[in-house]
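Visitor: I would like a close look at one small part of this protein, with the surroundings filled in afterwards. Please keep to what the model shows.

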Amino acid sequence: MTTENMSMDEMMKAYDFNKIYNGQIVKGKVIDITDKEVFVNINYFADGVISKEELSNDIDINPADILKVDDEIDVMIISKDNGEGNVALSKKRVDSIRVWDSIKKAYKEKKHLIIKIKEEVKGGLIAFYKGIRIFMPASQASGMGKIDLKTLIDKDVEVEIIEFDKEKKKVVVSRRVIDEKIKEEKRRAIEEEKKKLWASLRKGEKRNGKVVRLVKFGAFVDIGGIEGLVHNNDLSWKRIVDPSEVVSVGDKVEVFVQDFDEIKGRLSLALKEVDNNPWDNLNGKYKINDIIQGKVVKFMNFGAFVELEPGVEGLVHISEITDENIAKASDVLKIGETIKVKVLDIDEKNHKMSLSIKDAVEKSKDYLKYVDEEEGATLGDILKDKLGDLKL
């Protein structure tokens with residue numbers, strides 16, 4: 001029997017053609033491509049044809065840019081006869097099913113998608129993922145602060161699905177949840193590094209750091225994730241009033257670890273050379289009854305401290321300033337002025353020295369100046385009529 005004399009049923013049986021039905025997904029092989037259609041062998045007595053509209057959501061694309069001859073693809077049967085004796089097929093509908101399946105899987109597994117932002121609408125942004133329309137609320141556009149939504153248009157953005165309903169064709173995504181996870185991961189990483197740093201600290205060791213803040217009472221130094229305080233007293237052996245006299249924000253410094261408490265999050269540091277105390281290097285340089293020159297550096301209720309050299313200070317009790325009755329040291333002295341003092345007592349071991357101003361002034365009216373003439377002031381200038389006609 002020739003094929004001309006065969007019925008359709010006989011032909012189907014003779015050639016073992018696939019039985020097809022509308023909506024069925026079958027495998028096929030591309031056999032020809034034109035600028036408007038793609039012809040596919042689906043192992044049926046008639047070839048299948050994919051129109052340009054059923055090839056992709058982008059109808060402006062050239063079919064040859066998507067497929068090539070001999071490509072094996074999955075297609076959906078739209079109609080057994082497209083009116084020209086061929087089977088009408090669709091590739092984009094199969095792609096859509098596959099995409100919805102991948103979106104559903106990503107939603108369940110909290111996997112991220114890369115979407116293309118297309119436009120801004122009321123309340124958020126419209127984007128597409130492999131042809132599927134997706135919505136991102138304005139509140140979910142960023143977790144790094146307020147953002148101008150227009151800056152995201154035509155950009156590829158990594159997002160996480162927060163709502164999914166295939167029946168309603170609804171997909172809502174968020175960039176914010178990813179940003180917040182990133183911030184949380186960074187925070188945990190920082191905390192982990194801090195724990196390691198706390199565990200590695202040893203008292204007396206040196207650490208490199210950076211000055212990050214100045215306050216009235218000292219400077220805060222970051223030693224690699226932990227901030228420690230260098231009190232003014234520990235910035236220098238020399239007495240200072242403000243930390244800016246020694247350091248500035250941004251300075252890279254080497255500090256000593258004095259003490260720390262991880263539970264309270266406290267770290268005490270020192271910038272001055274803790275092993276180079278100037279008191280330890282005096283070696284008898286000053287002796288009792290020596291009359292020496294110093295600088296007034298601090299007032300207390302009970303007197304004034306005078307610096308003899310950087311880091312070496314002595315106390316002038318208020319009773320040793322003058323024989324006159326004064327309420328406080330600042331009545332007759334000024335911070336920063338240079339004066340002469342007499343050593344009354346010295347304890348190098350405990351870093352203490354008692355000084356006297358009045359004993360350094362000879363009783364003779366014509367001898368020794370109390371304040372250097374170069375400084376432009378004398379004790380007579382300071383005490384005025386309180387010391388009578390005593391000259392320096």
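In strand β2, which residue is the bridge partner of Val30?

Guide: The bridge partner of Val30 in β2 is Val40. The model is predicted, so local features need pLDDT of at least 70 and side-chain atom pairs 80 or more, while totals for chains, interfaces and linings use all residues. Residues are numbered from 1 along each chain as its sequence is written, and side-chain values use heavy atoms, without hydrogens or water.

The Val30 and Val40 bridge belongs to the pairing of β1, residues 25-33, with β2, residues 37-41. These two strands run antiparallel and are joined by four bridges (strands are DSSP E runs of at least two residues, helices H or I runs of at least four, numbered from the N terminus; a pair needs at least two DSSP bridges).

Phe39 also lies in β2. Setting aside residues up to four places away in sequence, Phe39 touches eight others, counted by heavy atoms within 4.5 Å. Among these partners are Lys29, Val30, Ile31 and Asp32. The remaining contacts of Phe39 are Thr34, Gly48, Val49 and Asn86. Val30 thus appears twice in this account, once as the bridge partner of Val40 and once as a contact of Phe39. Measuring from C-alpha to C-alpha, Phe39 is 9.1 Å from Val69, and the two are separated by 30 residues in sequence.

Stepping back, β1 and β2 belong to a barrel of five strands. The order around the closed barrel is β1-β2-β3-β5-β4, and its pairing is mixed. On average, neighbouring strands of this sheet are turned by 55° against each other, direction ignored (axes are lines fitted to C-alpha atoms, for helices over the stretch in contact, and angles run from 0 to 180 degrees between N-to-C directions).

Helix α2 lies across three strands of this region: β1, β4 (residues 72-79) and β5 (residues 87-90). The helix runs at about 110° to β4.

The same helix, residues 92-109, supplies four residues to the lining of the second largest pocket, its largest share (a pocket is an open set of 1 Å grid points where a 1.4 Å probe fits, with protein on both sides within 12 Å along at least five of seven lines; lining residues have an atom within 4 Å of a point). The lining includes Lys92, Asp95, Ser96 and Val99. Leu55, Ser56, Asn57 and Asp58 also line the second largest pocket, as do Lys130, Gly131 and Ile132. Domain 1 (17-96) and domain 2 (110-200) each give this lining at least three residues, with bounds from an automatic or database assignment.

Further along the chain, β6 (residues 112-121) pairs with two strands. With β9, residues 156-165, the pairing is antiparallel and has five bridges; there His112 stands opposite Glu160. With β7, residues 124-129, β6 again pairs in the antiparallel sense over five bridges, and Glu120 stands opposite Leu125. β6 and β7 form a hairpin with two residues between them. Gly123, in the turn, has a positive phi of about 90°.
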